[in-house]
Structures are given as structure tokens and as C-alpha cells.
Amino acid sequence: MNPTRLLTSAAAALLMLSANALAEAAAPPHATEFPPDPFPSTYQPLPSQPTLIEHATIYTGTGARIDDGAILLRDGRIAAVGKHVETPANAVVIDASGKFVTPGIIDVHSHLGVYPSPSVASTANGNEMTSPNTAQVRAENSVWPQDPGFNYARAGGVTTLAILPGSGNLIGGRTVVLKNVPASTVQAMKFPDAPYGVKMACGENPMRVYGNRGQFPSTLMGNVAGYRQAFADAQAYHRQWQAWEQKVKEKGRDEAGTPPARDLKMETLAEILTGQINVQMHCYRSDEMAALLDVSQEFGFKIAAFHHTVEAYQIPKLLAKTDTCAAMWADWWGFKMEAWDAIRANIAMVDAAGACAAIHSDDANGIQRLNQEVAKAWAAGRRAGLDISKSHAVMWMTLNPAKVLGLADRIGSLEKGKNADVVIWSGDPFSVYTKAEKVFIDGAVVYDRDNPQRQATSDFMLGQFIGEKS
Amino acid sequence: MKPFAIAIAAAFMTFAAAAHAQTYAITGGTIYTLGPAGKIEHGTVLIKDGRIAAVGADVSIPADAERIDATGKIVTPGIFDPQSQFGVVEVSAVESTRDASQNTYFSAAFDVASAINPRSVLIPVNRIAGVTRAVVAPDGSSEKHVITGRGAVIDLGSTTGFIHKNPAAMFALLGEAGARHAGGSRAAALLKLAEALQDARDYASHRDDYAENQRRDYALSRLDLAALIPVVEGREPLVVEVNRASDIEAALHLAQEYGLHLIVSGGAEAWMVADKLAAAHVPVLLDPLQDLPSRFESLGATLHNAARLQQAGVLIAFATGDTHNARNVTQAAGNAVAYGLPWIDALKAIMLNPAKIYGVADRVGTLAPGKVADVVIWNGDPLEVTTFADQVFIAGRKMPMVSRQTLLRDRYMKAIFDDKPLPAEYFHPGTNR
């Protein structure tokens, strides 16, 4: 490890400490009055058997590679991983000779369900563009679980995905983390106890949407003023609730009088301030990211990740110092001014400078091949002279996205005790010819390329071409 | 025939190989000629005066040739994008940089090639990834027309004389987009197209009457009708964007009725009517990654589309539909291989078949003596996502392997990773500020 890297990770550790301290000091607002989650998860893992995958090349997601390795999945968890793993008597044994194993792929930026296929007006529910601040809305209330795209993503090895509202607003609403299992309700897909996120957006989109209507904001400076006023209002709201909760503590609930009026928008923003909600910030340009890091400092919240940040390569050390992840495409560019300076080595350069780099899709097609997107980004890094191993680059689609979502203690790597979200690949996932063969979520086979009984199809697709060959 | 109309309607084709003194010998590589010579191990490609002078395992190399060692590498023809907007879009969201569609009363006469900026930064970005030639077409986003205009074959290696065949084809929309532009129904789009074709036929044989007001009114302007004449005479292809199987069948029917030289673009459900396409010798331009039921007209989309069409005998060519990332067509082709398309056919679908489809395969698309020297040296399998083009030649000229993106990269590599860096703006990588 080079000295710069040590320094930045030490600084990051310090910052994390202070962020934790902040979260601890501030109780969630209205904790005593309202349920923490009005739409609780009803997710149940699919039935599973203890499964041993052996003779595989394993990219662990922690940066390591194990040749001819084995991994045992039991009771939904990873029971063991290594060169030699003992086979329990009742285990299903999969010979993965010539195949590769990785953690399940995690996409931190998807609009599946909120912008489903087919794309028609009535199902396009991702952008509540009626006010620049709609912190009160929740993506989960727009998700159509029958979006066929979930199944396509699963066939590409995606096991966990964050569904975000669109980027038309400064503050677009709450994101939701889903396990990629077929279900009739979004609650049955919802990752239990995953922290909520909030989608915020920099740049051209909000100012275009509202500026075109002659409304605020119509400029970048309008955008920044919009975030700051929202958080200033949230501070005042939070203080009201803190005062009331103090009264409850002193006099008891019955004597405390009427609680402050509940404001769902302020509630989301206040939970950002107290650290319950991760900020997922759509932000292309380096100068805007720097401004937003200052805003986060001013109001004492943390930005989990900048998304779409095509210019992250210009400020990777600032990202490292502030422990802010960058969620990026491999090569999208040119569709608007703020996407003009994209380069293919972006992800690799961010990583090499010691910051947390993650791939993301933002696309129902791209989500099916995030391994190829990582491969392209890795190759572009090598081309730029950055000596990054494949096993390290696997973290861009596994452990680092898990960190973005605040779930790195449960998913993102093949380590004992973690959720058994695993992909068996037909070959090296850095090859265009490789396919996900088997996908496990919590130890259960949710997709099997060789078994039509384990290939889910959406209700929508059923009966579309009756009597025709397919 | 009036001289002006001739000038507008006449197809011109030049593959002028500018005088290039430099002779290159690419030696030692594995050559996929895509022509009769097939695959050549440890072969030599000799480039002289902009053309391929020789290809083979045993080529004598002139003393003055610059030798380029391609040992362990793969040598192929350049990539040919069959439907792009090179030079007519810079930043998609910046209208002043977009010239690929229009909402005037013109339709067929719209000649997108006349707006091309050969200095677009999109060109080097894709050129250094092996894209050497393209058809520049209207983008179909106009709100008024079923016929969107004409497209041209260009090379991505020059700022003058870069147009090689114009018009190369006429472009039109049926299906959902055609219906939208025609006032709300697929049937109206078909009717509009049929009306235009009928009027063009009539105009072709009654130009003088028309000029003297001796003819009935036509639905299209004089320039549009003139532009459609080679189409109704079957001399110029009509590229129709259609995806739903029944829309493709409607286009096939129309083509048969009017004797058109049809090319299907999009073709999400083309595999469902593959036999009919093959029987009618209608090629398909497709994105092999299009597998989602993203519109009602593409519910049958599948990653098997390319392989099934090829299997049925349909000539296929690949396009990403995204000019900024036209370079990613190699990835698309690689995925088509993963879903059943033979590797060599995938290579042809991005290098040779577009040339065949637009009638320029006598000039480009293969590595054979006499062909224009569009040549790419790859550091591995061209269809792999981890492979890069090491050197690109267009019409025998060795292209600088830099783009605005590599310059930005190099600038910030220095600014980020140097010991005592200056602000990035002080670094001027390469020769181009």
C-alpha cells in the first residue's frame, strides 16, 4: 500500500467515526411516535438446501482470488469458503471445474419497476416532477414487481438492487433496496432492515425541468440554494420534534401535549440529518460534487455516493478523503453537456487514487451485463497503466456497491457469515462470452440457466405468443 | 431531366484513395480477411497508396515500407457502422449541435450528409476503437415524417472527401414511430409511404408535365419526389425501421408491391419472420443486445435474434444505435456469439456485411488486394470487452491513436498521480491543445 493510500484511508476512518458519533447522538425524529418503516419487508428466502460449490475459481469480492476453491452455502449464509471445505453429508455438490464464482452483483442505481418494460405512460412512475423537492415520496410505492426487467437482471447475476426515483428533482424521494426475487408485492422483495436512501440530483436535470416552466430552480446556483433551504427547514422541523420528545421524557407522553404536525417531506430530510438515510446523489461534474460535499459538511450529513459521476477521475482524492463512493458507468458519455468529459478509465482512476469505486447501470439493458461493464473499465485502467487485478476489480460490482447501500456487513463478498448471494459463471466474468449459470440469493437457487423451472417470467410476458415457437 | 434535379438525385460514388506515399507492412499477425483468403496465420498485410497491395503468409515487403509488428495480434478490416449520426450530433441534448432530423416540409430530399462535421470529437473517440466507416443517416426523431431522408457512406479518417456514397439509402419509419409521425395509426403510416411512392413513380415519368402545371397535385414537394425516384426504381435501398413481426411483414409486402430494395432496421422480432426475410433477400440492421420487451412492438425481443436470423440465411449487420458509443458494437457482437452466432459471422456483421448491404463491398469490408485499406490491429479477440485496437488505418492512412477522451485521461493521470502536481490545466498531453 502506498503512503497516500494509507493516509486517505486513515482520514476516512476518522471521518466515519465522526459520522457514527453524529448518528448516535441524534435520535431519529419521532422515534417514539411512528413506526420506523410503514411498509415493512415481508421477504422470505426461497427454499434451499445446503450447497457446496467446488473446484471453482473464486473471486471473493474482497480483492482475493482462490483457485480450485470451494464455498459452502447453508441456512442462507456462507458457511465456509476456501481451498478446502468439508462437505456436509446432506449437501448438494456442484462441480464448478472451469467455472468462476463471485458474490451476487449489486446495482446501486436501477429504475426497474418504476420505469418498467414495456415503457408506457401509465407505468412510468419514477419521477414526481411536480415540485423540486419531493422528499416525501418513496420509490417502493411506484415499483411494479411484474417488470420483466427484474428477471433479465437476475439472469445477469444481479441479486440486490437499489431502485431510485428519477433525477428530475433536487430531492426526488426515498430509494428502496430490493432482493432480486420474483414476487407479487414490493414488500416481498424488500431487503429486510436495509437502510433507506434518498435520491438527490445535481446539475442539468432539475434546472431544466423547472427552469423550462419558469420555476425555481433554473440554474446551478438555484439547485444548491434549493438543497440548503430544504435542510435548513429540516433542521427547524427536527428541533420541534426534539423539543417535544424532551417534553415526553420529562413529563410523560400523556402530559406532553399535542405532538408537532407530521410532515413526510421534512421527516425524510430530518432522517438524512440524523444519519438514518443514505444520500445517493446524481452528480456528473467534479465542481458540483465539491459544492455538495460542502453542503453536506454545513448540515452535518453524509453523502454515501455520487452517481453518474463521469468526472470523478478529476477529484478522486477529495472523494477518498471524505469517504464518498463514486457510482459510475464504464463508458457512457456525450448525451448532455455534463456528460461531455467522460473517460473510460474513470472507474480505475478513482479506485487507484484510493476512493470507493462502484459500477452502476441506470439501465434495464446494461444491468444484465454489469460484469462486462466492469471488464471494460478494468481494461481501460490497464490501458492507462494502472495495474489493477481482476479480483480487485470485482469489488466494483460487489463489495463497493454494498458499501454504497450501507449493507457491506451482510452482502458484497464471499465471507463466512454473510448472506449466501452467489453467482456461478460459465467462465471468467471478464469475458464477453461468459454467462451467469446459477444465481443464489440467501442460499437458494433463484436462476438456473440449465433448468427452465428456475427461470422466472413475468405475468406480463405470459401468453404473448401463444402457439408460436420461441 | 433538369440539370438541377440530376444533381440532387444522382448518386455519386468515389473511393478516391488520396495519394499516400507511405507504404506499410503489418507483419506476423493472425489475419481475418473476411474474404476468399479466409484466415491467415503469421501473415502480412501490405498497404500501399491507400489500398491493400497484398495479403498473405508469403508477401514480399518493399524496402521502403514501414514495418509494423503484429505478432500475437489480430488483424481485421475496420468496423462499419451501418446506421449512425457521425458528424451530425455532438452533444445530444444541445440542439445547436444536432442536424440529424428536421421538421421542415421536406422529407425524402433531406440530405443529412450535407450537414456532416468531419471534425466531430465523436469520430476519433470511435475511430481509435476500430470504427473506420459508417452510414450517416437521419435519426428519425423528426415529428412530422414517415420518410426521414437520405443517408451517406462516410469514412472516419479524413476531413475532406470523406463522403463516399451519397445517397447510400433512403430512410423511413413504420411501426410505432411511423404511426406516431403519421397521425396515430400504423395504417396511416403505410398509406403515407405508399402515397409518396406512387407520386414519385408518377413524377418520374411526367416531370415536364409537372413543371408546366399539367399534372395533378402531389403529396410531396418536387425535391422529395426527385429524391425518391431511385428508390421506386429499386436502385437505392429503402431502410425501414420496424420491430414488430407484423410490421416487418407489412414492410415486406410494401416492398414487393412497389419493387423496393428493402433493408429492415431495428427488427426486434425479425427472428419470428426470418424465413420471409431470407426469401425476399432483405437484410436486417439490428442491435443484438436488444432483448427487453421495452415497447409493445418489441415484446418478442431476444438475445437469440442475430443467431436465428443468420441461421435462416438473412444478411445481418449490427449497430448500437448510440453514435457516441458506436465502438461498443464489438461488445454487442460478442454477446451475439454468446447466444449462438458463429464468431466469424459476428465479425462479418460489424465489418463486411454493412458494406454488402449498402453496395460498397467491392471497395471495403475485406482485406484483399485492391480494396481500400481500412485495417485494424487488435491486441486480442476484437469482440472481447477487454480488447483494444492498437493501430487503425483508414484508406491506408495510419490514424493517430488519440481522442479527446485519451487526452483528458492522460492530463488527469498526471495531475492526480504525479508527486507534486500542477493544476491539470497545465498539462497538454499529445500534440493537440
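**Exercise 1. The hairpins around β3(B)**

Work out how many residues lie between β3(B) and β4(B) in their hairpin, and which residue in the turn has a positive phi.

*Solution.* Start at the turn of this predicted model. Two residues separate β3(B) from β4(B) in the hairpin, and B:Asp49 in the turn has a positive phi of about 50°. Next, look at the pairing: β3(B) and strand β4 (residues 51-56) of chain B run antiparallel and are joined by five bridges. To find the register, locate B:Thr44, which stands opposite B:Gly56 in β4(B).

Now turn to the other partner of β3(B). Strand β2 (residues 24-32) of chain B pairs with β3(B) over seven bridges, again in the antiparallel sense. Here B:Tyr24 is the residue opposite B:Ile47 of β3(B). β2(B) and β3(B) also form a hairpin, this one with six residues between the strands, and B:Leu34 in its turn has a positive phi of about 60°.

Finish with burial. Strand β3 (residues 39-48) of chain B is mostly covered, with seven of its 10 residues buried.

**Exercise 2. Two helix pairs**

Find the angle at which α4(A) and α5(A) cross, and then do likewise for α3(B) and α4(B).

*Solution.* Take chain A to begin with. Helix α4 (residues 220-251) and helix α5 (residues 264-273) of chain A have axes that come within 8 Å and cross at roughly 90°. Angles of 65 to 115 degrees count as roughly perpendicular, so α4(A) is roughly perpendicular to α5(A). On the α4(A) side, the contact residues include A:Phe231, A:Tyr237 and A:His238, while α5(A) contributes A:Met266, A:Leu269, A:Ala270 and A:Leu273. Sorted by class, the residues of this contact are eight nonpolar, two polar and one charged.

Now for chain B. Helix α3 (residues 175-182) and helix α4 (residues 186-205) of chain B pack at about 80°, with axes 7 Å apart. That angle makes α3(B) roughly perpendicular to α4(B) as well. B:Gly175, B:Gly178, B:Ala179, B:His181 and B:Ala182 of α3(B) meet B:Arg186, B:Ala188, B:Ala189 and B:Lys192 of α4(B). By class, this contact has four nonpolar, three polar and two charged residues.

**Exercise 3. Where chain A touches chain B**

Identify which element of chain A supplies the largest share of the side that touches chain B.

*Solution.* Count the contacts as a starting point: 40 residues of chain A are in contact with 34 residues of chain B. Then list the helices of chain A that each supply at least two residues of that side, namely α2 (149-155), α7 (316-321) and α9 (370-383). The largest share, five residues, comes from α9(A). Finally, check the chemistry: the side of chain A that touches chain B has 22 nonpolar, nine polar and nine charged residues.

**Exercise 4. Buried or exposed?**

Decide whether A:Asn451 is buried or exposed, and name the buried residues of α3(A).

*Solution.* First place A:Asn451, which lies in the segment after β16 (444-448) of chain A. Then count its neighbours: 10 other C-beta atoms lie within 10 Å of A:Asn451. A residue is exposed at 12 or fewer, so A:Asn451 is exposed. As a check on distance, A:Asn451 and A:Ala236 are 215 residues apart in sequence and 56 Å apart in space, C-alpha to C-alpha.

Now move to helix α3 (residues 204-211) of chain A, where A:Asn205, A:Pro206, A:Met207, A:Val209 and A:Tyr210 are buried. Their cover includes β9 (197-201) and α4 of chain A.

Note on methods: Residues numbered from 1 in each chain as written. Chains lettered and ligands numbered in written order. Predicted model: local features only at pLDDT ≥ 70, side-chain atom pairs only at ≥ 80, totals over all residues. Helix = DSSP H or I, 4+ residues; strand = E, 2+ residues; numbered from the N terminus. Nonpolar A, V, L, I, M, F, W, Y, C, P; charged D, E, K, R; others polar. Buried ≥ 20, exposed ≤ 12 C-beta atoms within 10 Å, placed from the backbone. Pairing = 2+ DSSP bridges. Axes fitted to C-alpha atoms, helices over the stretch in contact; angles between N-to-C directions. Parallel < 35°, antiparallel > 145°, perpendicular 65-115°, else oblique. Contact = placed C-beta atoms within 7 Å.
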